[in-house]
Amino acid sequence: MDCKKAENLVSAYINKNMSLHDLREFLAHIKSCSSCYDELQTYYMVYFAMEHLENGDSDRSYNMNTVLLEDLKHRERYVRREMIKRWILVVGCILLVLLVPLLMLF
Ligand SMILES: [Zn+2]
């Protein structure tokens with residue numbers, strides 16, 4: 001993924017509105033590109049601040065860096081879980097395709 005695509009996906013990331021494939025590539029890009037990470041951090045801070053002001057939660061102070069890092073970790077775990085689920089599904093289908101003809105022999 002290049003910077004232009006990553007920048008276009010920042011709002012999708014914040015709104016949790018992107019495909020698993022895009023999310024996976026986006027996370028990989030953000031990890032290795034400090035300029036896109038900074039961009040994400042800026043938008044994330046604005047979004048987070050607005051959300052918490054709306055909820056009347058402005059008294060608490062947050063370490064935005066930690067909040068974003070936690071969110072990134074959370075989404076990485078999500079991607080890993082989803083990839084494992086898909087892998088299990090594929091392996092299950094392959095086993096089924098292999099086993100059905102075998103069962104028909106008996
Ligand atoms: Zn970039």
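Q: What spacing do the donors of the zinc ion follow along the chain?
A: In this predicted model, the protein donors are Cys3 (SG), His29 (NE2), Cys33 (SG) and Cys36 (SG), lying 2.0 to 2.3 Å from the zinc ion. Reading these donors along the chain gives the spacing C-x25-H-x3-C-x2-C.

Q: What arrangement do the four donor atoms around the zinc ion make?
A: Happily, the angles settle this one. Four donors count as tetrahedral if all angles lie between 85 and 135 degrees. Here the donor atoms subtend 98 to 114°, so the arrangement is tetrahedral.

Q: Is histidine 29 buried or exposed?
A: His29 (NE2) is one of the zinc donors, and His29 also belongs to a set of α2 residues that includes Leu20, Asp22, Leu23, Phe26, Leu27 and Ile30. Like cysteine 36, histidine 29 is buried.

Q: How far apart are the end C-alpha atoms of helix α2?
A: Let's start from the expected value: helix α2 covers residues 20-32, and at 1.5 Å a residue its 13 residues should span 18 Å. The model agrees with this, as the end C-alpha atoms of α2 are 19 Å apart.

Q: Which elements do the buried residues of α2 pack against?
A: The buried residues of α2 include Leu23, Phe26 and Ile30. Their partners, as a group with the other buried α2 residues, are α1 (3-14), α3 (34-54) and α4 (64-105).

Q: Which element gives the most to the largest nonpolar core?
A: This core has 23 residues, and Tyr13, Met18, Phe26, Ile30, Leu40, Tyr44 and Leu72 touch the most other members. Two or more residues come from each of α1, α2, α3 and α4. With six residues, the element that gives the most is α1.

Terms used:
Residues are numbered from 1 along each chain as its sequence is written. This is a predicted model: local features need pLDDT of at least 70, side-chain atom pairs count only at pLDDT 80 or more; totals for chains, interfaces and linings use all residues. Side-chain values use heavy atoms; hydrogens and water are left out. Donors are N, O and S atoms within 2.8 Å of the metal (3.2 Å for Na, K and Ca); water is not among the atoms, so sites may look incomplete. Four donors count as tetrahedral if all angles lie between 85 and 135 degrees; four count as square planar and six as octahedral if opposite donors are over 155 degrees apart and all others between 65 and 115; anything else is irregular. Buried means under 20% relative accessible area, exposed over 50%, partly exposed in between (1.4 Å probe, protein chains only). Helices (H or I, at least four residues) and strands (E, at least two) are DSSP runs, numbered from the N terminus. The expected span of a helix is 1.5 Å times one less than its number of residues. Contact means heavy atoms within 4.5 Å. A nonpolar core is a set of buried Ala, Val, Leu, Ile, Met, Phe, Trp, Tyr and Cys residues joined through side-chain atoms within 4.5 Å.
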